[in-house]
Structures are given as structure tokens and as C-alpha cells.
Amino acid sequence: MLETVRPGGMSTNKQKIITDDSMSDDVFETEEAGLRAADPVKREPSPTGYRGYTPDPGLLAPLPSPDTDVPHKTILLGDSGVGKTSLLVQFDTGKFQTGTFSATVGIGFTNKVVCVDDSKVKLQIWDTAGQERFRSVTHAYYRDAHALLLLYDVTNKTSFDNIRAWLVEIREYAQDDVVIMLLGNKADCQSSERMVRREDGERLAREHSVAFMETSAKTGQNVELAFMAIARELKARKNAAHNKSSFNVQDYVREHTQKASCQACSS
């Protein structure tokens with residue numbers, strides 16, 4: 001069930017996402033009228049709000065495993081238009097949503113269960129509005145967040161320049177031990193469109209001691225890896241008192257992105 005939190009802070013279980021039609025971004029499906037016009041048969045709305053997506057019934061059923069009783073709150077942050085919702089949809093459905101969308105208003109979330117070794121980890125993934133006028137809404141959700149995925153668009157230098165401001169807000173409102181990962185999205189772009197070098201993203205991540213990788217919500221590049229790295233880190237922290245072995249999310253990301261690069265070069 002997708003829950004929507006409105007700009008005033010009230011929540012509702014209705015599955016329609018309120019959007020601002022004057023803005024363009026890759027977001028949750030809202031064009032119900034268009035679907036009704038194309039098909040006169042009344043359709044039930046998707047439980048997630050994504051166009052044409054029907055989740056596995058097992059995901060909607062109560063989770064029997066005690067490992068998944070407590071969801072780990074993971075928030076997607078970044079400027080409007082960097083692809084936060086597309087990244088979430090790609091991870092949740094394995095597909096890239098095409099079409100004309102409106103900008104996310106306020107905040108909404110969906111749940112996703114991932115397998116880490118022999119156990120399950122439940123991620124409660126929150127998709128936030130990137131516009132300045134909704135910051136007061138999203139700030140309230142930082143406080144109890146377990147992980148934050150901070151995105152910029154590699155074709156938009158301004159979105160990268162604003163990362164430092166986002167990090168200042170995170171340090172102010174989030175818990176000190178929150179897991180932070182920096183993602184340079186839209187890495188599938190043509191070289192002529194790229195405005196931010198990978199090296200710049202890596203340098204900024206080192207400067208703030210956070211994990212980094214480039215992703216593409218369109219092709220799926222590193223999308224699952226990003227969320228799996230977060231899930232492994234959260235599981236490791238939960239089991240820290242019972243497990244002497246250590247897990248480092250930055251080392252994990254570095255190792256797996258290097259493997260992916262080597263495989264791409266050899267293919």
C-alpha cells in the first residue's frame with residue numbers, strides 16, 4: 001500500500017498521488033483520466049500508484065519473518081528532476097516508466113523486501129519532493145531515517161552544486177549515524193550531455209565520507225546495487241552486537257562497481 005503524505009503533514013491511505021501539473025519530473029502515475037478515456041472499463045488503481053504495475057501478491061501479504069517486522073526507513077533526496085521517483089520505480093518494478101509526469105508533491109512511500117544472505121530486510125522507501133517550497137515537509141522525515149540516498153543529475157551541474165546544501169540540511173535534521181549514499185543519476189546519458197564528471201562525484205563523496213556510485217534509472221545500472229548496499233549496511237548495524245565481523249558500505253560499493261566495470265570492459 002502506497003501512503004501519501006500531503007504538504008500539510010496529514011496522511012491518507014488513498015492511492016492517488018497529489019501532483020503539481022505545472023511542473024515536469026519523473027514521478028508516480030497520476031493520469032487516471034487518460035486511462036479511463038483509453039479504456040471505458042473501470043480499472044482498480046494500482047496498489048503502488050505506478051502505471052500498469054501489479055505487485056507480487058506476496059509483497060502485499062503480512063510478512064511472516066521476524067527479520068522484516070521493523071522496516072528500515074530510507075529516503076530519496078535531491079533537486080527536482082534528478083530522477084528520484086524513476087529510481088524508486090526501477091528498483092520496485094524493474095522497469096523504467098516513460099511518459100509525461102508531474103513533479104512529486106510532498107512525500108509518499110512504498111515498501112520493498114530484499115534478501116540479504118539468509119535473511120530478509122524490509123525497506124520503507126520514501127520519495128520526496130525536490131522543490132524548495134516542500135523542504136519544511138521533508139525535513140520532518142529526516143529525524144527517524146535509517147538511510148538517505150542523495151541524488152544529483154550528471155547532466156545538470158546545478159543539481160550537483162546543490163548537494164553540499166542538501167548535506168548541510170541532512171547534518172542538521174537527520175541522526176548522526178544515518179547511512180548516506182551519494183548517487184549520480186542518469187549515467188546512461190551521451191558524453192556530450194554530461195556536465196558532471198564521475199571523478200567530481202567521487203571527490204565530493206570522499207570529502208563528506210559517504211559512499212558513492214553512478215546510477216541510471218533508465219537502464220537499471222547500479223540501481224539494485226545501491227539499495228542492496230544500504231540493506232546490507234542496515235542489517236550489519238542491527239546485528240552488530242551479535243556479530244564480530246564488520247561491514248563497510250563504502251568498501252562494498254567500491255568492490256562491486258569495480259567488478260561491474262571490469263565485466264563491461266571484457267564484454
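**Exercise 1. Which side chain meets Asp200 in a salt bridge? Place the pair in the fold.**

Solution. The model is predicted.
Step 1: find the partner. Asp200 pairs with Arg203, with N and O 2.9 Å apart.
Step 2: check the cut-off. A salt bridge needs a side-chain nitrogen of Lys or Arg within 4 Å of a carboxyl oxygen of Asp or Glu. The 2.9 Å between Asp200 and Arg203 meets that limit.
Step 3: locate the residues. Both Asp200 and Arg203 sit in helix α7. They are three residues apart, about one turn of the helix.
Step 4: judge the exposure. Asp200 has a relative accessible area of 18% and is buried. Arg203 has 42% and is partly exposed.
Step 5: look for a network. Arg194, Arg198, Glu202 and Glu214 are joined into one by salt bridges that share partners.

**Exercise 2. Find which parts of the chain the salt bridge between Lys112 and Asp92 ties together.**

Solution. Step 1: take the distance. The closest N and O atoms of Lys112 and Asp92 are 3.9 Å apart.
Step 2: assign the elements. Lys112 belongs to strand β6, residues 107-116. Asp92 belongs to helix α3, residues 84-93.
Step 3: draw the conclusion. The partners lie in a strand and a helix, so the pair links parts 20 residues apart in sequence.
Step 4: apply the burial cut-off. Buried means under 20% relative accessible area. Lys112 is at 15%, so this residue is buried. Asp92 is at 6%, so this residue is buried too.

**Exercise 3. Decide whether Glu207 and Arg164 are buried or partly exposed, and say where they lie.**

Solution. Step 1: confirm the contact. The Glu207 and Arg164 side chains form a salt bridge, 3.2 Å from N to O.
Step 2: assign the elements. Glu207 is in helix α7, residues 198-207, and Arg164 is in helix α6, residues 163-173. The salt bridge therefore ties together parts 43 residues apart in sequence.
Step 3: read the exposure. Glu207 has 46% relative accessibility and counts as partly exposed. Arg164, at 39%, also counts as partly exposed.

**Exercise 4. Put these pairs into the whole chain: how many salt bridges does the structure hold, and what share of residues is buried?**

Solution. Step 1: count the salt bridges. The structure holds 13.
Step 2: list the elements. The chain has nine helices and ten strands.
Step 3: take the burial. Of 267 residues, 49% count as buried.
Step 4: turn to the surface. The accessible surface is about 13,600 Å², and carbon and sulfur atoms hold 49% of that area.
Step 5: check the contacts. Among contacts with a separation of 6 or more, 72% join residues 24 or more positions apart.

How values were computed:
Residues numbered from 1 in each chain as written. Predicted model: local features only at pLDDT ≥ 70, side-chain atom pairs only at ≥ 80, totals over all residues. Heavy atoms only, no water. Helix = DSSP H or I, 4+ residues; strand = E, 2+ residues; numbered from the N terminus. Buried < 20%, exposed > 50% of the residue type's maximum accessible area, 1.4 Å probe, protein only. Contact = heavy atoms within 4.5 Å. Areas by Shrake-Rupley, 256 points an atom, 1.4 Å probe, with all protein chains shown as cover.
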